[in-house]
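Here is a short report on one chain. It covers overall build first, then charged pairs.

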Amino acid sequence: MAIIAPSLLSANFLNLQADCDMLNKSEADWYHLDIMDGRFVPNISFGPMLVEFFRKATKKECDVHLMIEEPERYAEQFKNAGANHLSVHIEACNHLHRNIQQIKSLGMKAGVAINPHTPINQLVDIIADIDIVCMMSVNPGFGGQKFITHTLEKIKQLRKLIDEKGLKVLIEIDGGVTIENAPSIIAAGADVLVAGNTVFKSPNPTDTISQLKKI
Ligand code: DX5
Ligand code: ZN
């Protein structure tokens, strides 16, 4: 049974309270928050202020995905805003090990996010130090994109790496997850499914979360 993390990027920003209430009553395990700076990715979303509001309105674990440059400048603000997990992009960090130590010393679970073009072997020397790999299955920046099928091969490679080392790192798949492709993503070895459009644009989001949970 996978961990389900609805992405609030696809929520109704004119009525976030309703979507938070829905999450609280649903079988969702986490909620996923996408932070975009308009530099690392070609889009701007929201910052720590909104994370704090979500924290107050939701009971689930808060999974923050930073798509920003120089994430070390903001890690503490996201901790103070209520993040339980903080993922930084490998492509945005010149000193990734230091970023991971910073996140852990602030008391959060540490995640590394990787873009679709980034090979799994770049994780070899950091995998033992982290809690989560957030594997992008679309190019980051926007919700509602199509799942890149090559990701399935990368999930298998990462599963092998984690299992061979006897680690408990979670594999989180982010982008284009649907009811249809979720079975093959889980079969390839994923632990966590992020789902934005699939949940929030469906007629019954609570039921869609239950369907993902049953896979
Ligand atoms: C993309 C974000 C994703 C996005 C997923 O840059 O990191 O978390 O919200 O949305 P869907 O599930 O609609 O692809
Ligand atoms: Zn994300």
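## Fold and salt bridges

Of the contacts in the chain (heavy atoms within 4.5 Å) with a separation of 6 or more, 65% join residues 24 or more positions apart. This is a predicted model, where local features need pLDDT of at least 70, side-chain atom pairs count only at pLDDT 80 or more, and totals for chains, interfaces and linings use all residues. Residues are numbered from 1 along each chain as its sequence is written, chains are lettered from A and ligands numbered from 1 in the order written, and side-chain values use heavy atoms, without hydrogens and water.

The chain holds 8 helices and 8 strands. These are DSSP runs, numbered from the N terminus: helices are H or I with at least four residues, strands E with at least two. Buried residues (under 20% relative accessible area; exposed is over 50%, partly exposed in between; 1.4 Å probe, protein chains only) make up 55% of the 215.

A search of the whole structure finds 7 salt bridges. Each has a side-chain nitrogen of Lys or Arg within 4 Å of a carboxyl oxygen of Asp or Glu. Three of them are among those found:

| Acid | Base | Closest N to O |
|---|---|---|
| Glutamate 69 | Arginine 39 | 3.3 Å |
| Glutamate 70 | Arginine 73 | 3.8 Å |
| Aspartate 163 | Arginine 159 | 3.3 Å |

Aspartate 163 and arginine 159 lie about one helical turn apart, because 4 residues separate them in helix 5 (residues 151-164). Arginine 159 is buried at 19%; aspartate 163 is partly exposed at 47%. Arg159, Asp163 and Asp191 form a salt-bridge network.
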